[in-house]
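Biologist: Hey, can you walk me through this one? I'd like to start with how strands get matched up.

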Amino acid sequence: MSDKLFIFDTTLRDGEQVPGCQLNTVEKIQVAKALQDLGVDIIEAGFPISSPGDFESVVQISKAVTWPTICALTRAVQKDIEVAAESLKYAKKGRIHTGIGTSPFHIKYKLNSTPEEIIERAVAAVKYAKKYVEDVEFYAEDAGRTDNEYLARVIEAVIKAGATVVNIPDTTGYCLPNEFGEKIKYLVENVTGIHKAVIATHCHNDLGMATANTVAGIMNGARQAEVTINGIGERAGNTSLEEVVMTLKSRYQVLGIETGINTKNIFHTSRLVSTLMNMPVQPNKAVVGRNAFAHSSGIHQDGVLKNRENYEIMDPADVGINESSILLTARSGRAALKHRLELMGFELTKEKLDEVYEQFLKLADHKKDIRDDDIALLVGDATHQERRIKLDFLQVVTGKKLTPMAIVRLDISGEKFDATSSGNGPVDAAIKAVKQIIKRQVTIEEFLVQAITRGSDDVGKVHMQIDYKDSIFHGFGANTDIVTASVEAYLDAVNKLPVVQ
């Protein structure tokens, strides 16, 4: 049996069925290309018979991607299969995914049929699809609630009819992991010719066990996992791609199964899908949530700072996240505060650290979110007065139907330099003007704006995080003018770069 697991991504079909998450064709192509870069083996691009838009999306995605198999979903209906075949005509590798319900619920109440008739319709659909493509996947809808013996009869029949992949969906998220694993094992042991087809899992998360069920299926012989980015999908969602992939990667010594996924692209793809589909990722979401690699407990922070593996079973860099987050709260210890101060460029004596820590605890009791500029104020940041590079003058022209322009004058060790630039907005124009003067290869990694006070005359705090030669530097600014605060934050970070002699 192969130790390679094929990743079948259905973000653009099952994931897009979530209300409010519909994408246009251009956005679907953008996601499809990201899935290709991620290393997904099969992309389920849509349900062509469902609408002209879905049909066109499958056509255009087939043209846009190169090596992944493009899959189109159908019911066990000839017209569905014909339309799917037409939509796949430009695919380098095309697959028709056809099927029918097999549980007693579906047979009696949804299809008003009989078990024998279902097998006949399943076989007919697979044979008809084989006229158009060699690669035919059959799904036994609601297999999770289907009797194993009957399910084995259906699967054996469709394999004989030519199915290359047999999909065993837990459509309602009903199974327990041991039940789903045993179901896959039963098929492996009791279906004649099972070796001629790849067994696929397609699990839903109604009881929160989609990933557990999928992994149980893999452990018992499944070699294709049907998943979505961020676990989006009908109702409570589908199996999460990132959870399955990182489970196999983290537990490879036990499971011995690999995927072709470039895990360093996981976080980027997660954020792309979240943005395009207007589906925020919950902070505690495994692998890609904002808090997945964040530590706020003092005990945990101290352990992570001593050795990351004390509290992290995955390296954040493996999924495309730069580093773990040490979040400062009232539960944080001296080690975490000292670490953050060092990142900000402060080196304090033990006595001064103790003094700042006591002040920090008092502030943390009143504020839920302690930011770096709060800490800088606690330290009594005198470095602002000693900056080598200072903002001497800033003028910005912006408005509707006007190209934003900025004039900047910097004082660098007592010498004045001027620059003018345009940009996409006033902040962009001002930063570009600064960059003309300060010729360093600097990349802005993070740009956050937060109000300190209330009302239209708010003081705005800006946090800027920049990357210089693979090192991260933080800068902060505060001003009632957000453009000025942004430039001050950028200069604050730049002032912390090593001085070029």
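Modeller: Sure. First, a term: two strands count as paired if DSSP finds at least two bridges between them. Keep in mind that this is a predicted model.

Biologist: OK, so what is the bridge partner of Y139 in β6?

Modeller: The partner of Y139 there is N167. Strand β5 (residues 135–141) and β6 are joined by 3 bridges and run parallel.

Biologist: And is β6 mostly covered or exposed?

Modeller: Mostly covered: 6 of the 6 residues in β6 (residues 165–170) are buried. V165, N167 and P169 point one way, while V166, I168 and D170 point the other way.

Biologist: Why would they split like that?

Modeller: In a regular strand, side chains alternate between the two faces of the sheet.

Biologist: New topic, then. In what order do the strands of the open sheet with β11 come?

Modeller: The order is β11-β12-β13, with antiparallel pairing. β11 (389–397) and β13 (415–422) are at the edges with a single partner strand each, so each has one side without a neighbour in the sheet. From one strand to the next, the twist averages 15 degrees.

Biologist: Which helix packs on the sheet and touches β11, β12 and β13?

Modeller: That's α16 (residues 426–437), whose direction makes about 135 degrees with that of β13. Helix α17 (residues 482–494) lies across β11 and β12.

Biologist: Last one: at what angle do α6 and α7 cross?

Modeller: Roughly 55 degrees, and their axes come within 10 Å. That makes α6 oblique to α7. Their crossing is right-handed.

Notes: Residues numbered from 1 in each chain as written. Predicted model: local features only at pLDDT ≥ 70, side-chain atom pairs only at ≥ 80, totals over all residues. Heavy atoms only, no water. Axes fitted to C-alpha atoms, helices over the stretch in contact; angles between N-to-C directions. Helix = DSSP H or I, 4+ residues; strand = E, 2+ residues; numbered from the N terminus. Parallel < 35°, antiparallel > 145°, perpendicular 65-115°, else oblique. Left-handed = near helix turned anticlockwise from the far one by under 90°. Buried < 20%, exposed > 50% of the residue type's maximum accessible area, 1.4 Å probe, protein only. Contact = heavy atoms within 4.5 Å.
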